[in-house]
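Here is a friendly walk through one protein model, written for someone who thinks at the bench. Keep the viewer open as you read, and look up each residue as it comes along.

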Amino acid sequence: MTRDVGDLGDLGDSLLAYLFMPNIWLSWSSGKDSAWALHVLRQQGGYEITGLITTINSAFDRVAMHGTRRELVEMQAEAAGIPLVKAPLPWPCSNADYEAAMKTVCDRALSEGVTAIAFGDLFLADIRAYREQQLQGTGLNPLFPLWQIPTDQLARQMIHGGLRAKLVCVDPKQLDPKFTGRDFDLALLSQLPPAVDPCGENGEFHSFVYAGPMFSRDLPVATGEIVLRDGFSYCDVLPAVAASR
């Protein structure tokens with residue numbers, strides 16, 4: 001006997017909700033904000049997250065701006081259980097180059113039935129407006145699951161929630177380079193100067209997440225050398241196995 005899904009009551013409703021959940025991708029920098037956005041989206045429910053969009057500097061084979069090695073962001077995606085969508089960028093990279101790469105990503109997203117792209121932005125209105133403008137007319141909706149959560153509160157939520165990250169890029173004009181390579185923890189928060197945003201939303205620092213509720217397992221990593229390059233202080237984070245060789 002064939003039964004209609006509607007005959008299954010609450011179970012049928014849940015099945016229908018799952019079948020028709022919006023298919024979305026998440027902009028993935030390898031840092032704490034995008035990682036926490038993934039966690040929040042999963043907690044909220046209502047979305048099927050099927051891709052993590054990462055821009056890769058083709059010249060260095062690293063995540064743009066953060067300087068994270070490609071193999072590490074691949075480890076993150078595997079631990080999150082979500083395919084990585086790589087957007088290669090040339091070096092140097094003009095704004096036109098970046099927008100062309102993003103158009104390619106958007107075209108692919110639409111072809112795979114994606115309806116929205118989520119971002120981990122916190123409060124910078126100009127960045128949000130730029131993202132909204134870039135998606136306007138594409139058929140993709142922008143989502144901002146962390147928008148305007150007070151960053152002192154958010155930083156502590158992340159830490160208490162089990163997120164573990166290292167500062168991989170520091171802007172010496174805004175924060176002492178000695179913070180490069182340190183763990184993003186309560187001790188670090190207590191030592192940040194008052195002018196520095198607790199989540200580094202003004203570009204004071206960028207991070208790499210190696211553990212948290214968004215992952216099925218912790219990532220074994222080690223900190224390598226710290227270098228000053230292009231006006232920023234970078235910490236080279238390595239897979240722990242590679243670091244031990």
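The report below covers a sheet, a few salt bridges, a buried acid and some unusual backbone spots.

**A word on the model**

Please keep in mind that this is a predicted model.

**The four-stranded sheet**

A good place to begin is the open sheet, in which four strands are arranged in the order E8-E7-E10-E9 with antiparallel pairing. Strand E8 (205-211) and strand E9 (221-229) are its edge strands, each of them pairing on one side only. On average, neighbouring strands of this sheet are turned by 30 degrees against each other, with direction ignored.

Within the sheet, strand E7 (residues 164-170) and strand E10 (residues 232-239) run antiparallel and are joined by two bridges. To find this pairing on screen, look for Cys169, which stands opposite Tyr234 in E10.

**Salt bridges**

How many salt bridges does a search of the whole structure find? The search finds 13. Three of the pairs are set out here, with the closest N to O distance for each.

| Positive residue | Negative residue | Closest N to O distance |
|---|---|---|
| Arg217 | Glu78 | 2.7 Å |
| Lys103 | Asp107 | 2.9 Å |
| Arg131 | Asp121 | 2.5 Å |

Arg217 forms a salt bridge with Glu78. This pair links distant parts of the chain, with Arg217 in the loop between E8 and E9 and Glu78 in helix H3 (residues 70-80), 139 residues apart. Arg217 has a relative accessible area of 35%, so this residue counts as partly exposed. Glu78 is also partly exposed, because its relative accessible area is 48%.

Lys103 and Asp107 give a more local picture: both lie in helix H4, four residues apart, which is about one turn of the helix. Asp107 is partly exposed, with a relative accessible area of 39%.

Are Arg131 and Asp121 buried or exposed? Both are buried. Their salt bridge has its closest N and O atoms 2.5 Å apart. Arg131 sits in helix H5 (residues 125-135), while Asp121 is in the loop between E5 and H5, 10 residues apart from Arg131.

Salt bridges also come together in a network, which links Asp61, Arg70, Glu74 and Lys86. Asp61 will return below, for its backbone.

**A buried acid without a salt bridge**

Asp197 is found in the loop between helix H7 (186-191) and E8. Which side chain of opposite charge is nearest to Asp197? That is Lys32, 6.4 Å away; Asp197 is buried and has no salt bridge. A salt bridge requires the nitrogen and the carboxyl oxygen to be within 4 Å, so Lys32, at 6.4 Å, does not make one with Asp197.

Asp197 does have a polar partner, though: its side chain and that of Thr151 are joined by a polar contact of 2.7 Å. Thr151 also appears among the residues in contact with Asp197, along with Phe123, Leu192, Asn202, Glu204 and Phe205, once neighbours within four places in sequence are left aside.

**A loop residue with contacts from elsewhere in the chain**

Thr115 lies in the loop between helix H4 (95-111) and strand E5 (116-118). With a relative accessibility of 34%, Thr115 counts as partly exposed. Not counting residues up to four places away in sequence, Thr115 touches Pro22, Asn23, Ile24, Gly139, Leu140 and Asn141. Take Leu140 as one of these: Thr115 and Leu140 are 25 residues apart in sequence, yet their C-alpha atoms are 5.0 Å apart in space.

**Backbone spots to look up**

Where is the cis peptide bond? The bond runs from Trp91 to Pro92, with omega near 0 degrees. Pro92 is found in the loop between strand E4 (84-89) and H4.

Asp61, a member of the salt-bridge network, has a phi near 55 degrees, a positive value in a residue other than glycine. Asp61 belongs to the loop between strand E2 (48-57) and strand E3 (62-63), and its relative accessibility of 33% makes it partly exposed.

Met65 likewise is not a glycine and has a positive phi, of about 70 degrees. This residue is in the loop between E3 and H3. Met65 counts as partly exposed because its relative accessible area is 37%.

Definitions and conventions. Residues numbered from 1 in each chain as written. Predicted model: local features only at pLDDT ≥ 70, side-chain atom pairs only at ≥ 80, totals over all residues. Heavy atoms only, no water. Pairing = 2+ DSSP bridges. Axes fitted to C-alpha atoms, helices over the stretch in contact; angles between N-to-C directions. Buried < 20%, exposed > 50% of the residue type's maximum accessible area, 1.4 Å probe, protein only. Lys, Arg positive; Asp, Glu negative; His and termini not counted. Polar contact = N/O pair within 3.5 Å; in protein donor to acceptor, adjacent residues only side chain to side chain. Contact = heavy atoms within 4.5 Å.
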